[in-house]
Number of protein chains: 2
Amino acid sequence: MTDVKSANNPLFLREEELRQAIELLFFAYRDFTAGPDQILKDYNFGRAHHRVIHFVGRNEGMTVSELLDILRITKQSLNRVLGNLIKRGFIEQRQGEEDRRQRCLYLTEEGRQLEQKVSRVQRDLVARAFREAGGDAVAGYRKVLMGLIDEDNRDTVLGRVLKP
Amino acid sequence: MTDVKSANNPLFLREEELRQAIELLFFAYRDFTAGPDQILKDYNFGRAHHRVIHFVGRNEGMTVSELLDILRITKQSLNRVLGNLIKRGFIEQRQGEEDRRQRCLYLTEEGRQLEQKVSRVQRDLVARAFREAGGDAVAGYRKVLMGLIDEDNRDTVLGRVLKP
DNA sequence: ATTTTACGTCAGTCATGTTGACATATATTT
DNA sequence: AAATATATGTCAACATGACTGACGTAAAAT
């Protein structure tokens, strides 16, 4: 941040720093998803299935609309993936009790096992990175990522993430 | 980290914390790519084109192999995207001087303009998040993301990211 | 002279996203 | 009670970006 170059041209390093941050996110995300992708291939599932299993596992009884809202995809896209997971017995639907139009989503026992298996890989990766980086770094990581989330629904999203 | 729950079950909070970190990355990445995606749609380009333009812009004269190595996709996949960008005049190839089998990649003037336009959105987003989070947080962000990068080629990747 | 490397290309497939139209059951509003 | 709105499902067509496998060509390395 204080450097010969930045003394001459204060914008230079800043831009370079931002570029690095962007690439870092790209590479980290790439490797972060590689583990789950690998496991899911054995089930003929993809990343889309993973996301569904993950969010349903974390929000048992959530409705289809809520899931659509999180994933930001069309219901047609979701339905192919979700239908698949239901047909193959990883997720089950129950009619909403208050509003019987709703379909509430739950993991089956099989679904829970898959969720655990896949998320373990990812959690182990993150855990190692956290351990190596230390507590302060983790706090910074969280702070920055929160800031990257779309301001317009940041509260909603963070509410969901930090939920419990 | 020190809490009623974690006193009873030290694994609980840890797992929850990791889960949050994972979702945070998911949401941040989603919103981080939304801006560029939006702009690129006007050109009938997608995220794949963006990545190519980004990395070629950052590594002028890089070869096709190097690009393949970064993106981790097949040459057939790359070729559709790359061929498209070349045909439409955003990227040009020149035969390697030392090794004339190589095709070295460069942005055209038009390509550079698009790269700037798209990356500005992303840089602005990251810049705001960095400013709001503060320098220490940024250091932590970098530390953690570096730790998420696949250990086996971490040095290679970081070498590229931190290159200049 | 042979083999390896860097790149390109044809052809087919799959996963995951999109739009648009329409159907059905249940809630809500008038 | 009738009309409207909402939650969900479904059919069909299409785009993007990944994949595999096979084959070709030019240049470099052995």
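Student: Which residues of α4(A) and α5(A) meet, and what makes this a contact?

Tutor: Val64(A), Leu67(A), Leu68(A) and Leu71(A) in α4(A) meet Lys75(A), Leu78(A) and Leu82(A) in α5(A), where contact means heavy atoms within 4.5 Å. The helices themselves are DSSP runs (H or I, at least four residues; strands are E, at least two), numbered from the N terminus. By class, this contact of α4(A) with α5(A) has six nonpolar residues, no polar one and one charged one. Here Ala, Val, Leu, Ile, Met, Phe, Trp, Tyr, Cys and Pro count as nonpolar, Asp, Glu, Lys and Arg as charged, and the others, Gly among them, as polar.

Student: What should I know about the model before I go on?

Tutor: It is a predicted model, in which local features need pLDDT of at least 70 and side-chain atom pairs count only at pLDDT 80 or more, while totals for chains, interfaces and linings use all residues. Residues are numbered from 1 along each chain as its sequence is written, chains are lettered from A and ligands numbered from 1 in the order in which they are written, and side-chain values use heavy atoms, with hydrogens and water left out.

Student: Why is α4(A) called roughly perpendicular to α5(A)?

Tutor: Their axes (lines fitted to C-alpha atoms, for helices over the stretch in contact, with angles from 0 to 180 degrees between N-to-C directions) are 10 Å apart and make an angle of about 110°. That angle makes α4(A) roughly perpendicular to α5(A), because 65 to 115 degrees counts as roughly perpendicular, under 35 as roughly parallel, over 145 as roughly antiparallel and the rest as oblique.

Student: What is the handedness of the crossing of α4(A) and α5(A)?

Tutor: α4(A) passes α5(A) in a right-handed crossing; that word applies if the near helix is turned clockwise from the far one by less than a right angle, and left-handed if anticlockwise.

Student: Why are α7(A) and α6(B) called oblique to each other?

Tutor: Helix α7 (residues 135-148) of chain A and helix α6 (residues 109-133) of chain B have axes that come within 8 Å and cross at roughly 135°. That value belongs to none of the named ranges, and α7(A) and α6(B) are therefore oblique to each other. The contact has seven nonpolar, one polar and two charged residues, and α7(A) passes α6(B) in a right-handed crossing.

Student: Which residues meet where α6(A) packs on α7(B)?

Tutor: Leu125(A), Val126(A), Arg128(A), Ala129(A), Phe130(A) and Ala133(A) in α6(A) meet Lys143(B), Val144(B), Gly147(B) and Leu148(B) in α7(B). By class they divide into seven nonpolar, one polar and two charged. The axes of α6(A) and α7(B) are 8 Å apart at an angle of about 135°, and the two helices are therefore oblique to each other.

Student: What makes a residue count as near a DNA strand, and which come nearest to DNA strand C?

Tutor: A residue is near if one of its heavy atoms lies within 4 Å of the strand. Of the 25 residues around DNA strand C, Arg51(A), Ser77(A), Arg80(A), Ser65(B) and Lys75(B) come nearest. Sugar and phosphate account for 55% of the atoms of DNA strand C that come within 4 Å of the protein. The surface near this strand has three nonpolar, eleven polar and eleven charged residues, and α3(A) gives the most, with four residues.

Student: Why does the pair between His49(A) and DNA strand C count as a polar contact?

Tutor: An N or O atom in the side chain of His49(A) is 3.4 Å from a phosphate oxygen of DNA strand C. This pair qualifies because a polar contact is a pair of N or O atoms within 3.5 Å (within protein, one must be able to donate a hydrogen and the other to accept it, and residues adjacent in sequence count only if both atoms are side-chain atoms). A backbone N or O atom of Thr74(A) lies 2.7 Å from a phosphate oxygen of DNA strand C, whereas a polar side-chain atom of Arg101(B) lies 2.7 Å from a base oxygen of that strand.

Student: What surrounds DNA strand D, and which part of that strand does Arg80(B) approach?

Tutor: DNA strand D is surrounded by 25 residues, the closest being Ser65(A), Lys75(A), Gln93(A), Arg51(B) and Thr74(B). An N or O atom in the side chain of Arg80(B) is 2.9 Å from a base nitrogen of DNA strand D, while a polar backbone atom of Arg100(B) is 3.2 Å from a phosphate oxygen. The largest share of the surface near DNA strand D, four residues, comes from α3(B).
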